[in-house]
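Me: I am new to this structure and would like to be walked through it slowly, with each term explained as it comes up.

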Amino acid sequence: MKGFGVKKKVILLTIIIIFLSNSFSSSSYLHKKVIKIAGDNNYPPYEFIDDKGNFRGFNVDMMRAIAIELGLEIELIPMNWQDALDALERGEVDAIQGMTRSKAREEKFDFSLPLVINSQAIFVLKETNYISSIEDLKGRRVSFQKGDISYELSQEVEGIKPYSRTNQEEAIDLLLDGKVDAFIGNRLTGLYYLQKESNFDKVKIVGEPMHETEYCISVLKGNEHLLELFNQGIETIKKNGTYDKI
C-alpha cells in the first residue's frame, strides 16, 4: 500500500512538472516570435492610416506601449475591418488590437481587460425629424461598416434596409449624400469624420448612446497565454501612468 502511495505522488509530481514546463515554454515562445496584430486601417481616433502612410491612433499607441513593457516583438497590420476579422478567425494574425465586445463575438474570440468603454450612435441629417431612436429605423435605409458591431445592433429591428460599406467613412458619406436615412456607427469615429470634413452643420446624433460596452484586444478563443500577456501589459501601463499619457 505504501508503494502505491509513492507511485501516486510520483505521477502527480510528473503531471505538475509537465504543466509548468508547457506553460513556461509557451510563454517563452510568445516572447521569441513576432506577434502579428491586425487593426482597422480607417477607424479614427482609435486606429487609422494618416496622410503620410503611418499607422496611428489610440490602439496603435497602446499596443506599442504594451510591447515595450513586456519586451514583445510585434507587427501591426492595418487592413479593412472585415478582413481583420477573417484573418483572426483563420489564424493568419494572432490578435486584433481593438474590438468591441459582444455575446456573438465571444463565441469566436476571447477578450482582454477593457482599453476603454465606447458606444454606438445613430446619425441623421439635420433636417430629419422622423427618427429619434433605433425603433424608428424600421423600413428605413441604414448604412453601417461591414462587420461592425453596429450591424449586430441593427438585427434587433425588423425591416431595416442595410447598406454596408468597407469603413465608417464610406458609410457616413452615404448619409451625407442622401442615399440612406441614417448611419449607425461608433460615436467618436462619426464625430471625427464630421469634424474633419466640416460637416457638423449637416448631421446630428439622435437618441441615447447605444451599446455602451468594453473595447478590448481580442484573440482567437482559447489563446490563453497571449491573452494573459496582453492583460499583464494593460495592467502595467495603467499602473505606471503610460495609459493616462496615451
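The questions and replies below move from the overall make-up to the strands, the core and the pockets.

Reply: This is a predicted model, in which local features need pLDDT of at least 70 and side-chain atom pairs count only at pLDDT 80 or more, while totals for chains, interfaces and linings use all residues. Residues are numbered from 1 along each chain as its sequence is written, and side-chain values use heavy atoms, with hydrogens and water left out.

Me: How many helices and strands are there in the protein?

Reply: Helices (H or I, at least four residues) and strands (E, at least two) are DSSP runs numbered from the N terminus. Counted in this way, the protein has nine helices and twelve strands.

Me: What percentage of the residues in the protein are buried?

Reply: A residue is called buried when its relative accessible area is under 20%, exposed when it is over 50%, and partly exposed in between (1.4 Å probe, protein chains only). Among the 246 residues of the protein, the buried share is 43%.

Me: Is strand 1 largely enclosed or open?

Reply: Strand 1 (34-40) is joined to strand 5 (residues 73-79) by seven bridges, the two running parallel, and Ala38 stands opposite Ile77 there. Two bridges also join strand 1 to strand 6 (residues 95-100), again in parallel, where the bridge partner of Ala38 is Ile96. Because five of its seven residues are buried, strand 1 is largely enclosed by the rest of the structure.

Me: Which strands are the edge strands of the open sheet with the order 2-3-4?

Reply: Two strands pair if DSSP finds at least two bridges between them, and in this open sheet of three strands the pairing is antiparallel. Strand 2 is joined to strand 3 by two bridges, with Asn42 opposite Phe48. The strands that pair on one side only, and so form the edges by the pairing rule, are strand 2 (42-43) and strand 4 (55-56).

Me: Which element gives the largest share of the largest nonpolar core?

Reply: A nonpolar core is a set of buried Ala, Val, Leu, Ile, Met, Phe, Trp, Tyr and Cys residues joined through side-chain atoms within 4.5 Å. The largest one has 26 residues, of which Ile37, Ile66, Ile217 and Phe230 touch the most other members. Two or more residues each come from strand 1 (34-40), helix 2 (58-70), strand 12 (203-220) and helix 8 (224-239). The largest share, eight residues, comes from helix 2.

Me: Which element gives the largest share of the lining of the largest pocket?

Reply: On a 1 Å grid over the protein atoms alone, a pocket is an open set of points where a 1.4 Å probe fits, with protein on both sides within 12 Å along at least five of seven lines, and lining residues have an atom within 4 Å of a point. At least two lining residues each come from helix 3 (81-89), helix 4 (103-106) and helix 5 (149-154). The largest share, four residues, which include Gln82 and Leu85 among the lining, comes from helix 3.

Me: Which element gives the largest share of the lining of the second largest pocket?

Reply: The lining of the second largest pocket includes Asn42, Phe48, Tyr192 and Lys196. Strand 3 (47-49) and helix 7 (187-196) are the elements that give two or more residues to this lining. The largest share, three residues, comes from helix 7.
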